[in-house]
Amino acid sequence: MRETIERYGLVAIALTGLVVGLAAWAAGAPDVAHWSWFAGTLPVVVALAISIVRALAAGRMGVDAVAFVSMSAALVFGEPLAGVVVAIMYTGGNVLEDIAVARAERDLRALVDRAPRLAHRRAGDTVEDVPVDAVAIGDVLVVRAGEVVPVDGTVTGAAASIDESALTGEALPVTRRAGEEVRSGTVNVGETFEMRARATAGESTYAGIVRLVTAAQTAKAPFIRIADRYALLLLPATLALAGLAWALSGDPIRALAVLVASTPCPLILAAPVAFIAGVSQAARHGVLVKGGGALEALAATTTVLFDKTGTLTVGGARLVAIETAPGESAGDVLRLAASLEQASHHVVAGAIVAAANAQGLALTMPSEVREAMGTGLEGRLDGRLVRVGAPSLTFGTTRLPDWATRALRRASWRSALAVFVTVDGKPAGALLLADELRKETPRAIQLLRGAGIRRIMMVTGDRADAAETIGAALDLDAVLADRSPSDKVDAVKTEQRLAPTLMVGDGINDAPALAAAGVGIAMGARGASASSEAADVVILVDRLDRVAQAVRVARRARKIAVQSIVVGMALSGVAMVAAAFGYLTPVAGALTQEAIDVAVILNALRALGPGRGAARGQRTMSSSAAQDLREDHARLERSLDTLRGIADALDDADPEEAVRLVREADRLVAAEVVAHERDDETEVYPSLTRYLADSHGLSAMSRAHREIQHLARLLSRLADGLAPADVDRYLVRDAQRVIESIEALVRIHNAQEEDIYEHAVAA
């Protein structure tokens, strides 16, 4: 703050000296004008001299030396007007830098300024205001309209309308219903709602972000120190050219003009303005970069290493499939399991309950619950004895039925956990839970390669088979599995010796590797952690594709910084040569340099913008619209699960049951799948063309619609008029092939469509 005040004071002194001197000169008092300009220049020279002495004491010498020489020479040679113009140029450039920094840091400071201070805690029928630090886990809090959510928690009553723009950048509010998470730092834009705290203030999302923002550096990047080294070459070159001009012309004023024209503000201002602007632009995308040095290192990266769990994958257990016993319903199996699992605190229990809530299933509270640690639990639901857990609990020592063996085999293929459900001793089904790949991960990998990353690897502590499966799906260059935290550090150091390396992770065990990498990026959307503290860059939004966004922003900022320095110094060189030949007087040289400086600063500030590709005026789809389309896919996924269950059930179905199953599949495909694809073709795709640069991708997607409709017609022909007498093993096999083809094709097609939705949102 003091330094900023001094800069404003010096520019005010220089401006006052220039104005008073010009007035005196116009009034016919040249001596008064001379001394006014001298008085406006001298304080700047003195302040600059002190700054240079301090820098030399610290072992540094930079671009300020050339400005000092030019102003001092102007005073010595009796050209105070040139001196005061250079003084205004130099101090004014510093003030412009302060303004640029203030603008660039605005997004980061806004996070700190919005940190909540008080919370409204419910105590019985009363509500008391308490410091946010006094909130404990389990407290019921009231969040009023317009207030910032004080801590992380879950909605307990009526649904809440939340503005998450401060964390995610999404402008439209989202609805959080009972049981869903709300994060600290978001804003209640609807009616008053109640929530239950699940973290203290210090452990909440927003507190972690505030700590990270406070730690973010805006100091000089290594690139700027390179600019200082350039100045060590510029200073002797400038003095040599000035001396040569003086010697050849015999005019010391010509040497002064060279010195004035050489003032290196492009070196002083271009790099810091560009890099700080890049930090600000990254923040707008939910990426916190801890200073210009980290941004420049990020721009040089060519190799990326990813952790797996929680980074490439969503982290934690997710329901990926439901296998049912013959005659059982997938919905009933999930409802029974989730109802019983409400009594457990196990992470798998939470995943099962969350899956049931997501499908809108009505759960009932169990009674007489007993938990067998490590195997599962049992209890009564509506008078029936329900067991949920491992095969040893649900089947005991009896031989597994064929469908259960198939479920275990499928679980093995998907590196999933199989949780079996029995009702009154009768097997009902199995829930397959696994850590799924993030939906945006394939697109994130493609974006990184498009951004110029040449080598992408995965390093994980998970077992090799699960890691290799994901590596093959993403077409990674290498997969390193079964690695301890120290092994990860060794892998990072090995890659770092070969090329500038970026490490992306999210867990505490990733912190050493993040610190060892040239640049460490932490997936910090879930709050502060050791990985976030150790990282150079933190992704504040739970989106992996922001890594590629950060790389693009960094490379653009570096390109603009280099461009500004090279062009600015080239123009300064032309001005110096012109001054050496007498085409520029000292005052004209100073004004020319001022124009160059302004142009350089304005060019560097381009790093605040999104870039040429994003500035074409192309419209972008709102995140809420894309979310609606994803929710349509989620509903369709449930129908596809049913189709897969029908295909499995046909294995053991008698002729009458086979007829019923085939007709049910035909009805489901016609009513859900074909109707969905028809709506895509007639309504969704025409609207998507407004957000895409071209419609060629949609044309290819339309080809998939035609193939799905063709398979639907085959199934319809097979089901039309089908009677039990027509059923044989060949008909069953044909029906299974058509049903499974429809299911697989629609799943792939949906994934491709969601990639397009993401592109339309981020275009």
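The following exercises, each with a worked solution, concern the predicted model of a single chain.

Residues are numbered from 1 along each chain as its sequence is written, and side-chain values use heavy atoms, with hydrogens and water left out. In this predicted model, local features need pLDDT of at least 70 and side-chain atom pairs count only at pLDDT 80 or more, while totals for chains, interfaces and linings use all residues.

**Exercise 1. The chain as a whole**

Task: State how many helices and strands the chain has, and what share of its residues is buried.

Solution. Step 1: Helices (H or I, at least four residues) and strands (E, at least two) are DSSP runs, numbered from the N terminus. By this rule the chain has 27 helices and 22 strands.

Step 2: Buried means under 20% relative accessible area, exposed means over 50%, and partly exposed lies in between (1.4 Å probe, protein chains only). Of the 763 residues in the chain, 49% are buried.

Step 3: A contact has heavy atoms within 4.5 Å. Among contacts in the chain with a separation of 6 or more, 70% involve residues 24 or more positions apart.

**Exercise 2. Two open sheets**

Task: Give the strand order of the open sheet of three strands and of the open sheet of six strands.

Solution. Step 1: Two strands pair if DSSP finds at least two bridges between them. The three-strand sheet has the order S6-S5-S8, with antiparallel pairing. Its edges are strand S6 (174-176) and strand S8 (187-188); each has a single partner strand, so one side of each is left without a neighbour in the sheet.

Step 2: Strand S5 (residues 160-163) is joined to S8 by two bridges, and Ile162 stands opposite Asn188 in S8.

Step 3: The six-strand sheet is also antiparallel in its pairing and has the order S2-S1-S3-S9-S4-S7. Here strand S2 (126-131) and strand S7 (181-182) stand at the edges.

Step 4: Within the six-strand sheet, four bridges connect strand S3 (residues 140-143) with strand S9 (residues 193-197). Val140 stands opposite Arg196 in S9.

**Exercise 3. A buried strand with two parallel partners**

Task: Determine which way the residues of strand S11 point, and which residues are the bridge partners of Thr303 and Phe306.

Solution. Step 1: In strand S11 (residues 303-306), Thr303 and Leu305 point one way and Val304 and Phe306 the other way; all are buried.

Step 2: Strand S18 (residues 455-459) pairs with S11 in the parallel sense over four bridges, and Arg455 in S18 is the bridge partner of Thr303.

Step 3: Strand S20 (residues 501-505) likewise pairs with S11 in the parallel sense over four bridges. In S20, Val504 is the bridge partner of Phe306.

**Exercise 4. Salt bridges and their surroundings**

Task: For the salt bridges Arg380 with Glu368 and Arg443 with Asp545, decide whether the residues are buried, partly exposed or exposed.

Solution. Step 1: A salt bridge is a side-chain nitrogen of Lys or Arg within 4 Å of a carboxyl oxygen of Asp or Glu. The structure holds 27 salt bridges.

Step 2: Arg380 and Glu368 meet at 3.5 Å, N to O. This pair links distant parts of the chain, with Arg380 in strand S14 and Glu368 in strand S13 (residues 367-372), 12 residues apart. Arg380 is partly exposed at 30% relative accessible area, whereas Glu368 is exposed at 59%.

Step 3: In the pair of Arg443 and Asp545, the closest N and O atoms are 3.3 Å apart. The two residues are 102 residues apart: Arg443 lies in helix H17 (residues 441-450), and Asp545 lies in the loop between strand S22 (537-539) and helix H22 (546-580). Both Arg443 and Asp545 are buried.

Step 4: A network of salt bridges links Glu637, Asp641, Arg644, Glu743 and Arg747.

**Exercise 5. Positive phi outside glycine**

Task: Locate Asp382 and Asp475, and state whether each is buried or exposed.

Solution. Step 1: Asp382 has a positive phi of about 55 degrees although it is not a glycine. Asp382 lies in the loop between strand S14 (376-381) and strand S15 (384-389), and is exposed at 61% relative accessibility.

Step 2: Asp475 has a positive phi near 55 degrees. Its place is the loop between helix H18 (464-474) and strand S19 (478-480), and Asp475 is exposed at 57% relative accessibility.
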